[in-house]
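Colleague: I have a few questions about how the labels in this model are assigned. Could you take me through them?

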Amino acid sequence: MTGQTICAVIGANFGDEGKGLAVDHLCSGLENTLVVKHNGGAQAGHTVETEDKRFVFHQLSSGSFRRADTLLAETFFPDLYKLCGEVSDFRALSGHSPVIYADVNARITITDDVLLNMAVETSRGKDRHGSCGMGVYEAVLRSEAGFGITVGRLVGMTEAELASELARIRREYVLPRLDRLAPIAAGEYTELLHDGNVLMNTAAGILKGAELITPVSGLRELSQKMEGIVFEGAQGLLLDWNYERYAPHLTASRTGLHNPLKLCSSSGLTLDRAIYVMRSYVTRHGAGPLPHECSPEAIGKLSPDRTNTPNEWQGGLRFGLYPSPEELAGAVLDDLSTWQGSAGLFITHLNETDGIVRFYGRDIPASELAYEPCFKSRIDSVFCSYSPYGAVPALSIRALARSLRKHI
């Protein structure tokens, strides 16, 4: 399609960078956009604010306020049970129903995955991995073990048939895994994993969620009618399943360019641009190392964060300083190493740090970050956000000859 733009939005750190704001901003410049959710599942929490609305997106795309369609790709693990509540809440707030597609080969997350996740993480005690308790890792392992349920398989299933399949999966896979990993797990999770009513409720909820999506065979059939395609990543590069430095405190998915490039290749598309999103300081949720961790007061005048409130699974949001420009660039450049397209940075929360990026022992103005030697060869622009609203145009500090709209 002439003039079509295809872009990937990627978190540069441990997540919570502001990817929702970036996607909302990019979609505001296009008339007909498809946002592809390609990694993880319902554990994402991408906040989008306007002057009168605020919503935290989990499975719906962060372009939904702009009426962008959502595609849950084959590499995404949708939780259709939870999708019902998210769609209902969004419809009540926005006044319109989002258009949602799902690849027929996408494998779903089920309630037993969530319960098993909670049981195993609880059994670790003080040695928790930092799981968010949403069951995505368990859904991945279950599917790889041959017990997956795809979106396409749900078509035409009755509640009784799905409940029977869920009972078989529980009997042959879930309970044996529970016995191996968490034989003395918290009682409530163990009890629920033996409760037949959970299976019936799960089956009903999943099929209700399935009514909200349109199954499709890949990205190709949707791409022809779209002016823009935005791949919306979840988590960040430092939590990528292959980023061994922070193992085992990782997410069970590929958080960088791997999935977007794979999906584009299989659909005959070409990725135009990668945008790496980062805060002006570092944050991390859950267990795991955080170099140069500090108090929020040591960073700047931070605004109250209503999204990342303390929770049972990951505690409160943690704060830190970037170790060095070279270390910040390291994961980004590694991600870019197999692809030669255009790349930029999108820095958020600059209103909290007076326009500077906080490094250990050194502050760098956001306008100068792209000129650091470690970035100069691969980063051609820096877009800066001084507002929580994606609709406010990001300021292009190192502008390209082409417009922001041209390369999103």
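Colleague: What makes residues 396–408 a low-confidence stretch?

Modeller: pLDDT is the predictor's confidence in each residue, from 0 to 100. Over residues 396–408 it stays under 50. The model has 35 contacts there beyond four places in sequence, a contact being heavy atoms within 4.5 Å. Where pLDDT is low, the predicted coordinates should not be read in detail. For the protein, mean pLDDT is 88, and 88% of its residues reach 70 or more.

Colleague: Which cut-offs apply to this model?

Modeller: The model is predicted: local features need pLDDT of at least 70, side-chain atom pairs count only at pLDDT 80 or more, and totals for chains, interfaces and linings use all residues. Residues are numbered from 1 along each chain as its sequence is written, and side-chain values use heavy atoms, leaving out hydrogens and water.

Colleague: How do you know that the span of H2 fits a helix?

Modeller: The expected span is 1.5 Å times one less than the number of residues. H2 (residues 80–94) has 15 residues, and 21 Å is expected. From first C-alpha to last, H2 reaches 21 Å.

Colleague: Why is Phe90 called buried?

Modeller: Buried means under 20% relative accessible area (1.4 Å probe, protein chains only). Phe90 is among the buried residues of H2, as are Leu83 and Val87. Their cover includes strand S6 (100–103) and helix H8 (196–210).

Colleague: What makes S10 and S12 a pair?

Modeller: Pairing takes at least two DSSP bridges between two strands. S10 and S12 (residues 318–320) have three, so they pair, antiparallel. Val282 stands opposite Gly320 in S12.

Terms used
Helices (H or I, at least four residues) and strands (E, at least two) are DSSP runs, numbered from the N terminus. Buried means under 20% relative accessible area, exposed over 50%, partly exposed in between (1.4 Å probe, protein chains only).
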